[in-house]
Amino acid sequence: MWLKVQSHAQWWRNLSEMNWTNDFILTLSMLFLLMLAQYTLEAYKWKRLMASAWNITLFQAYAAILKGQAFAFITPHGMGDYYGRLLTIPTSVQSVAIASTLVSRWMQLVITLGVSIIVVPIYLLSYSIAPIPVLHWYFIAAALGLGCIVVLWKILPKLQSYSYGSSWAAYVLPVLVDIQLFSKKIVLEVGVVSFFRYALFASALGISFYFFDIQPPLAQLIMGIVLIYVAKSIFPTFLDLGIRELTAVYYFGSLGYDEPKILLAGILVWWIQVVVPALLGWLLLVVQRDKTQEEWN
């Protein structure tokens with residue numbers, strides 16, 4: 001379903017019906033606190049993974065995460081995240097930093113896909129007629145994505161052996177080696193933290209929907225949030241914008257909720273979870289522009 005074209009007058013009528021005073025301030029405050037908590041958990045994940053080669057404080061890890069977000073914001077599917085984090089560590093441990101970022105992102109994706117594989121069938125079985133037939137395809141895509149990650153993790157040793165003597169060995173081999181140095185205990189710990197971070201993401205989106213008067217039954221709300229983050233994780237984006245909002249409009253719009261308000265709820269979360277951390281990351285880059293990597297040694 002495509003977003004219906006509405007007049008500017010209708011948009012302003014929808015907005016004028018809402019409470020933009022105390023409720024908005026409370027909602028904004030909660031979303032900011034959730035954003036800070038999310039990035040704190042991400043910093044903790046990276047700090048734990050980096051500890052195998054380089055000890056950093058939680059504050060230093062937080063700064064690295066924000067710098068990574070600054071570059072992720074302006075690159076397709078957030079790939080600049082890797083480069084941004086490298087700016088905070090010495091050259092000698094950059095391969096560990098890349099491996100740590102890769103594992104952290106992988107585990108977050110594993111949680112996102114794993115939750116959808118559990119939730120989607122439960123939701124489908126709880127309704128005699130599924131409100132959106134495409135739910136089956138979301139489940140299949142999530143299962144395939146999770147399967148690819150598991151297979152890739154299993155064949156890492158073979159990829160390492162194939163890399164010897166290749167033209168890309170100098171770039172890929174150190175990262176492949178470092179990934180396999182992480183203990184199962186640390187990877188499991190990162191997975192648990194990733195789950196709590198996912199819960200914070202979901203809570204932020206739910207709060208935004210409720211503020212904009214998108215208040216479906218809890219099961220439908222959870223299902224919508226799960227689909228939004230599956231789509232956001234699988235499909236490539238630029239500026240981290242579009243997929244989350246279109247999926248929200250598609251799902252909640254099919255349930256009869258006001259599409260402009262659905263879109264506004266998604267954009268509010270995008271501003272606080274994506275734009276604000278990116279701006280903070282760029283501010284750190286400007287303030288610390290004279291700090292070189294050698295100062296870490």
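The following exercises, each with a worked solution, concern aromatic residues in a predicted model.

**Exercise 1.** Determine where Y39 is placed, whether Y39 is buried or exposed, and which residues Y39 touches beyond four places away in sequence.

*Solution.* Begin with the secondary structure, where Y39 is found in helix α2, which spans residues 22–50. Next, take the relative accessible area of Y39, which is 5%; since buried means under 20%, Y39 counts as buried. Finally, list the contacts, leaving out residues up to four places away in sequence: Y39 touches Y62, I65, L66, Q69, Q273 and P277.

**Exercise 2.** Describe how R197 is placed relative to Y39.

*Solution.* Compare sequence and space: Y39 and R197 are 158 residues apart in sequence, while their C-alpha atoms are 8.3 Å apart. Then turn to the side chains, where the charged end of R197 sits over the ring of Y39, at 5.7 Å from the ring centre.

**Exercise 3.** Find how many aromatic pairs the whole structure holds, and analyse two of them, F24 with F211 and F73 with W270.

*Solution.* The search of the whole structure gives 12 aromatic pairs. In one of them, F24 and F211 lie 5.7 Å apart, centre to centre, with 45° between the planes, and the pair is tilted. Because F24 belongs to helix α2 and F211 to helix α9 (residues 184–211), this pair ties together parts that are 187 residues apart in sequence. F211 is buried, at 13% relative accessibility, and ring pairs link F24, F211 and F212 into a cluster.

For F73 and W270, the ring centres are 6.2 Å apart and the planes stand at 35°, so this pair is tilted. Since F73 lies in helix α3 (residues 58–73) and W270 in helix α12 (residues 259–287), the pair ties together parts 197 residues apart in sequence. F73 is buried at a relative accessible area of 17%, and W270 is buried at 10%.

How values were computed:
Residues are numbered from 1 along each chain as its sequence is written. This is a predicted model: local features need pLDDT of at least 70, side-chain atom pairs count only at pLDDT 80 or more; totals for chains, interfaces and linings use all residues. Side-chain values use heavy atoms; hydrogens and water are left out. Helices (H or I, at least four residues) and strands (E, at least two) are DSSP runs, numbered from the N terminus. Buried means under 20% relative accessible area, exposed over 50%, partly exposed in between (1.4 Å probe, protein chains only). Contact means heavy atoms within 4.5 Å. Rings of Phe, Tyr and Trp (its six-membered ring) pair if their centres lie within 6.5 Å; planes under 30 degrees apart count as stacked, over 60 as edge-to-face and the rest as tilted. A charge sits over a ring if NZ of Lys or CZ of Arg is within 6 Å of the ring centre and within 35 degrees of the ring normal.
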